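Could you walk me through this structure in my viewer, telling me what to select at each stop and what is there? I have it open and am ready to go.

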Amino acid sequence: MIEYACQITFRQNWNDNRLQFDNRSGLIQYLVLTDPEKIWKPDLFFQNEKKGHFHMIIMPNVLLRIYPNGNVLYSIRLSLTLACPMDLKYYPLDRQTCQLRMASYGYTSEDLVFSWKEKEPVQVSKDINLPRFTLQEHKTKSCTSRTNTGEYSCLQVNLLFKREFSYYLIQIYIPCAMLIFVSWVSFWLDPNATVARVSLGVTTLLSMATQISGINASQPPVSYTKAIDVWTGVCLTFVFGALLEFALVNYASRSDVHQAAAKQQQQRVAKWNLEQALMESGNQDLPYGMRGCEIHMPAPRKKNWCKRWLSKFPTRSKRIDVVSRIFFPFMFGLFNSVYWITYMFRDDLQ
């Protein structure tokens with residue numbers, strides 16, 4: 001439940017035939033009553049009000065006019081803090097509908113019925129300026145409420161707010177994306193540059209975790225996942241994935257070294273065995289078992305384009321880095337496509 005504050009000029013019109021008077025042939029248009037407490041007024045209250053106050057500087061901001069036919073115009077300036085239940089699933093790409101509900105407290109619908117003015121019942125100032133929201137539209141409706149004591153007349157104003165996204169784009173989305181791009185720099189570093197790659201991975205991971213902590217501290221705690229939680233969670237996963245990629249590269253690099261050493265050892269053993277065989281055969285060029293034999297080498301298999309491209313890189317660690325240079329940006333671009341299409345082009349007008 002979120003609170004929002006507003007300042008309104010609240011006007012009511014009703015007819016009280018007990019207040020009719022002679023206008024002296026049009027000389028008196030209306031009377032101004034300085035003490036509103038002297039006449040009957042509707043017992044209206046704001047159902048979702050948290051707190052509020054009247055304006056008393058320099059004089060009470062109250063206007064009460066009585067017309068000859070008994071019509072009464074009652075205008076008062078109020079400052080209200082109202083409750084607004086918000087659905088933050090799409091935060092900060094959300095639209096919120098806040099209500100202003102006005103109802104009779106003691107008079108049932110049999111005694112008192114509220115109705116909106118036919119023309120422009122709600123007027124919004126053109127100079128209104130909200131730091132993080134834009135008031136897109138407002139709608140009026142009736143909201144008759146029923147309780148154990150009876151049915152009460154009620155009026156409602158729905159205010160549709162759209163959250164300004166530029167602030168969150170600059171403060172959250174772009175910095176998170178930049179941290180991901182920085183984590184990808186390790187893919188272009190030498191696999192043996194252990195200190196540089198570990199430092200880069202850990203630094204970006206800690207920076208992302210600090211960024212997420214700051215974001216969560218400024219948000220209301222809710223039990224469901226918000227749009228910004230999806231973004232920060234996936235960004236943290238990409239940064240962590242870049243760090244795990246180096247662990248895999250480091251393992252592959254050490255494995256490449258062991259395989260190269262084992263291959264050299266096998267070549268040395270094979271060469272020594274061949275020399276021993278030649279020495280034992282005397283002046284013959286080949287060992288006895290190899291005389292008259294034809295050696296048929298199997299025809300090399302035709303590799304596909306992917307294997308041919310990867311074969312240009314001599315070690316597995318280098319191949320992992322090269323694949324990561326393509327795989328990580330591709331997956332991040334795919335995530336962005338799904339994310340922005342899902343949250344920007346939705347139909348959630350409330």
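Start by selecting helix α1, residues 166-183, together with helix α2, residues 194-217. This is a predicted model, and in it the two helices pack at an angle of about 165°. An angle over 145 degrees counts as roughly antiparallel, and α1 and α2 are therefore roughly antiparallel to each other. Their axes lie 9 Å apart, and the crossing is left-handed.

Now show the side chains where these two helices touch. On the α1 side, pick Q171, I172, P175, C176, L179, I180, V182 and S183. On the α2 side, their counterparts are L200, T204, S207, M208, Q211 and I215. Colour this contact by residue class and you should find nine nonpolar and five polar residues, with no charged ones.

Keep α1 on screen and add helix α5, residues 316-344. How do these two helices cross, and how far apart are their axes? The angle is roughly 160°, and the axes come within 13 Å. That makes α1 roughly antiparallel to α5. The handedness to look for here is right-handed, whereas α1 and α2 cross in a left-handed way.

Zoom in on the α1 and α5 contact next. From α1, select Y173, A177, I180 and F181; from α5, select F332, Y339 and W340. By class, this contact has seven nonpolar residues, no polar ones and no charged ones. Pause on I180 for a moment: this α1 residue takes part in the contact with α2 and also in the contact with α5.

While you are in this part of the model, try an overlay from a record. An unreviewed UniProt entry places the feature "transmembrane region" at residues 165-189, 230-249 and 326-345. Select residues 165-189: this span is 72% helix and 0% strand, and its end C-alpha atoms lie 36 Å apart. Then select residues 326-345, where the chain is 95% helix and 0% strand, with 28 Å between the end C-alpha atoms.

Next, move to the strands. Which order do the strands of the four-stranded open sheet follow? Select them as β3-β7-β11-β8, and you will see antiparallel pairing. β3 (44-46) and β8 (133-142) are the edge strands, each with a single partner, so one side of each is left without a neighbour in the sheet. Look across the sheet, and the twist averages 20° from one strand to the next.

Stay with β8 and bring in strand β11, residues 154-163. The two run antiparallel and are joined by nine bridges. For one such pairing, click on L135 and then on F161, its bridge partner in β11.

Finish with three stops in the loops. For the first stop, go to the loop between β4 (49-54) and β5 (62-66), where I58 lies. The peptide bond from I57 to I58 is cis, with omega near -10°.

From there, go on to the loop between β6 (71-84) and β7 (95-104), and find P92. Another cis peptide bond is waiting here, joining Y91 and P92, with omega about 5°.

For the last stop, select S25 in the loop between β1 (2-15) and β2 (31-32). What is the phi of S25? The angle is near 60°, a positive value in a residue other than glycine.

Note on methods: Residues are numbered from 1 along each chain as its sequence is written. This is a predicted model: local features need pLDDT of at least 70, side-chain atom pairs count only at pLDDT 80 or more; totals for chains, interfaces and linings use all residues. Side-chain values use heavy atoms; hydrogens and water are left out. Axes are lines fitted to C-alpha atoms, for helices over the stretch in contact, and angles run from 0 to 180 degrees between N-to-C directions. Angles under 35 degrees count as roughly parallel, over 145 as roughly antiparallel, 65 to 115 as roughly perpendicular and the rest as oblique. A crossing is left-handed if the near helix is turned anticlockwise from the far one by less than a right angle, and right-handed if clockwise. Contact means heavy atoms within 4.5 Å. Ala, Val, Leu, Ile, Met, Phe, Trp, Tyr, Cys and Pro count as nonpolar, Asp, Glu, Lys and Arg as charged, and the others, Gly among them, as polar. Two strands pair if DSSP finds at least two bridges between them. UniProt positions are given in the numbering used here, feature names are shortened, and annotations may be inferred rather than shown by experiment.
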